[in-house]
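Thanks for coming, everyone. I'll put the model up and then walk you through a few things in it.

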Amino acid sequence: MVRYSAQVVIIGGGATGVGILRDLSLRGISSILVEQGDLAHGTSSRFHGLLHSGARYAVKDPVSAAECIRENNILKQIAPECVAATGGWFVQLPGDEVDYAQAWLKGCERTGIPVHEVPLEEALKREPLLAKEALRVFEVPDAAVDGFKLVWENAKSARRCGGRYLTYHRVEAILREGEGVAGVRGENLLTGESFTVEAGMVVNATGAWADRLAASAGASLEVVRDKGILLAFNHRLFQRVINRLRPPGDGDIFVPHETITILGTTSEWVDTPSDNQPSDREVERMMTLGKALLPGIAEKRVIRAFAGVRPLHRSDSEWAEGSEGGRVEEGRGRAVSRTFALIDHEAEEGIKGFLSIVGGKFTTYRLMAEKASDWVAAKLANDVPCRTAAEPLQPELPAHLRRRARALLPCAAAEKTLQRLGRDAAAVLETIARDPDKGQLLCECEMVTVAEVEKTVADEDAHHLADVRRKTRLGMGTCQGAFCTYRALPLMWREGEKYDPLSGELIRFLNQRWKGIRPVLWGDQLRETELTRAIYAGLLDLREGGAAG
Amino acid sequence: MWDGLVIGGGLAGLIAGIRALERGKKILIVSEGVGSLAFAGGVLDFGRVRELRRLEKHPYAYVGEMAERAFSYFLQLNPAYTGTWGRRGSVLTPLGTLRETELLPRRLDASPLFKANKIVVAVPGGLKDFFPEIVKANLQKEFPSGNVRLKKLSVEEFADWRAAGKSIPGTVYAEFWGTERGNTALKRHICEIAGEADSEAIVFPGLPAIGCPEVDEVLAGISLPVVGMTSFPPSAIGLALYESLTRRVKALGGELLIGVGVERVEVESARARRAIVRSKGKETALTAETFVLATGGFLGRGLVATPDDVRETVFGLPLHVPPLRGGKDFLGEQPYARAGIEVDRHLRPCDPATGEVLLENVFAAGRILAHWDPWLEHCGGGVSLSSGLLAGELL
């Protein structure tokens, strides 16, 4: 049994959880975050990576829209390395309601979202793949955001001021003491050991799992699990976020990230948080819907399909309004507000020191964390103000570090390394300077050097190849792991004790990548699959079950 | 006007062409790419031929005794290879584990390692995609009674590469060992290892195991067994095999057009007449009596899948297409792998629905055939060689 203690324990290592950890740590409140998997393994990485301007909600959900534009501006300031300020367009196509455009323009104006119209001719010149039938195009400050990176930066920033986090630790019970909570108890999933965190306050930030956790403590809250599927294309098809100017629907957002583009998304209520496998039918539907904005979609290479589960909060009033004999229909998730809710279980059920935070969206994670932290701070009579809206996530990069990176690495690789690692790049660059072999690009798609992977593998938070992937983007590019999986092997080998036997780890990683490729098995991705099987099943003779030969 | 036009210049197409040329036919091979031998590491798997032959519609069921003939035929064609029909040999994978196969370059035969108590792994400096510690640990596991050690070789030739942080591809090393300077260096390194007291066998990655007499000569003078390794793609040995086959085609008077894809073939009353190719922006018609279709599977682009269907790219032939998106385990059964052309006993394309022969003078060979999976059944080389040889007899 391992015992920890803190003033506050936060459950859930998504954007909201790490946001709260950082906020509380900056206020000097001692906090521990407990997460059952790796940080950002759930909804916080399973989305289109859109940093909303709020325009998507301008008509139906002005509260969300106003929150979004405010947070959009803040994140561009405090986390420029996680945000690509691409801008975004709303494109009206023939058949889209004309009245909606008027309502939308009004909504944007009311909520303070800057909009300007782009002349059609210019729009088609700047985005040559866009449907030529476009009628009107408006520009808004949408942006692309790297979910993995933002979550990790919050965690690292929290750690610099005393915050702690435990990954691969599953909470089994919330401990009670009299009328209040006394912490949590659970299991370290890597070692099988049990642990407790003693804390007078418990914050439930488990997203799609929030209702189940609350119920285990005798509290109740209603979470709608709204599954959205996404397709990743292997090109930067558009230079900016492309939305459809109509009431939010399925398959009408394209977001460019680095060298790929993500098409999202759908809205379908599901029963379990782990239901994140896209079906063939959903993929087919996305390809059909995406065609409206991108007519050449069928010829574009899809490298994988994935899905996330949005945890929407449903209050009683919405429940009544949205319910039709309890029947759940596709697309209904959009009728539920995308704003968030704090549920004070002391006020609701008389459980002292227990707070749940649900709903909201990635764009507003910081605001959610601020509100949750305000509640905690008030209970603890801590009056240090929130600093997360002004304090940059990463200390500024010294100019000499950038010069050093450029001297040692190709230009693009240098930039990407700095973006991923920030100041931590210094150690990686010194390794490369000492041993130029380590400057080799292990992942040629995402330009990750041997030295960087080595550093990440050695990191105390990296337990599986997939953890390394989330931090470095290894295996997330065009080859989807065909080459870099093999190349990451020797680096993991040296960390022998920490990993499962190597071929087992290799097969596990290939199967994880396969999960996303399987629904999009056509075109070049099918060619890549045949090649990857030729290498791993043929040449290396790896077989299911882990045994080679 | 050719006697036979072979479409596709991978293993199956080249073997078909070579056999037909030996039979005195006038042959042209047209190929968009260079096949996939570079991915295969230079060994040719036959798999459990007798069992596979019993599977309905498996290519082995059609080629019959041709599998055994293809085995001997290939050995006679490439004396650098070894193998015994009905038995499996062992080679080292790039990770240093043992892998069984049927036809292998003599130089890759790992059997001497079973008898060695002291194994030295040569580690050419900076060799790309080669991980000495892993290879050492795996060898130690495969040969528990032998003591395995690593011996680093510093090769001056590549000092500049190393300083610039570049690794050296196996293909570059293989070529270097064959040059005069490389040869001298190789001799020096190997003699040094052989002279050390604790050496009984040498494992040497990145050796040009076939097609390099200069290296063979050095190794012949060494008293210890020197065992090469298969390598991560691109494989120097696979490329050398490809080159030796294309040289053979030319030596027999065959013609090869590489980098030229067939746009379509004109068909009249169930016979292919003329293949239309596009080269340098111009269309040219090539007329032949018979045709071999060996354009490969999905990787070779003989088959192309879209979200809705699968197409055969040259004739637009109807295909056997299982539901593509199947198996959960990546390395387990994957239905897509069994998509392809169904044929009769003369390898002529048939309609999968009716069994009717669709083209009288076209023979399909290699990966484009339906109902097999080279990766699960470990029979990629065997199916390509035997269907290629049969096609070569029919042309």
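Let me start with what I mean by a cavity: on a 1 Å grid over the protein atoms alone, it's a set of points where a 1.4 Å probe fits but cannot get out, and lining residues have an atom within 4 Å of a point. Now the small print: this is a predicted model, so local features need pLDDT of at least 70 and side-chain atom pairs count only at pLDDT 80 or more, while totals for chains, interfaces and linings use all residues. Residues are numbered from 1 along each chain as its sequence is written, chains are lettered from A and ligands numbered from 1 in the order in which they are written, and side-chain values use heavy atoms, leaving out hydrogens and water.

Okay, cavities. There are 8 of 30 Å³ or more, and the largest holds about 190 Å³ of space. A volume here is the space filled by probe spheres set on the points, with grid points joined across faces, edges and corners. Which residues lie nearest the centre of the largest cavity? They're A:Trp152, A:Lys156, A:Arg420, A:Leu421 and A:Lys471, out of 16 lining residues. In chain A, helix 5 (147-160), helix 12 (411-421), helix 14 (450-458) and helix 15 (465-472) each give two or more residues to that lining. Helix 5 of chain A has the largest share, with 5 residues. By helix I mean a DSSP run of H or I of at least four residues, and by strand a run of E of at least two, numbered from the N terminus.

What's that lining made of? It divides into 11 charged, 2 polar and 3 nonpolar residues. For the record, Asp, Glu, Lys and Arg count as charged, Ala, Val, Leu, Ile, Met, Phe, Trp, Tyr, Cys and Pro as nonpolar, and the others, Gly among them, as polar.

The second largest cavity is about 80 Å³. Its lining divides into 5 nonpolar, 4 polar and 2 charged residues. Helix 17 (502-517) and helix 18 (523-539) of chain A each supply at least two of them, and the lining also includes B:Phe330.

B:Phe330 takes us to the contact between the chains. With contact meaning heavy atoms within 4.5 Å, chain B puts in 48 residues and chain A 47. The buried area is about 4400 Å², with carbon and sulfur atoms giving 64%; that's the accessible area (1.4 Å probe) that two parts lose on being put together, summed over both. B:Phe330 turns up again here: together with B:Arg325 and B:Leu331, it supplies 20% of the area chain B buries against chain A, more than any other three residues.

Next, charges. Side chains of opposite charge can pair when their charged atoms come close. I count a salt bridge when a side-chain nitrogen of Lys or Arg is within 4 Å of a carboxyl oxygen of Asp or Glu. There are 74 over all chains, and 5 between chain B and chain A. B:Asp129 and A:Arg487 form a salt bridge at 2.6 Å, N to O. Inside chain A, A:Asp275 pairs with A:Lys227 at 3.6 Å, and those two are 48 residues apart in the chain.

Last bit: backbone oddities. Most residues other than glycine have a negative phi, and most peptide bonds are trans. Where do we see otherwise? The bond from A:Gly264 to A:Thr265 is cis, with omega near -15°, and A:Thr265 sits in the loop between strand 18 (260-264) and strand 19 of chain A. In chain B, B:Pro233 to B:Pro234 is cis too, with omega near -5°. A:Arg473 isn't a glycine, yet has a positive phi of about 70°, and you'll find A:Arg473 in the loop between helix 15 and helix 16 (484-493) of chain A.

Technical notes: On a 1 Å grid over the protein atoms alone, a cavity is a set of points where a 1.4 Å probe fits but cannot get out, and a pocket is an open set with protein on both sides within 12 Å along at least five of seven lines; lining residues have an atom within 4 Å of a point.
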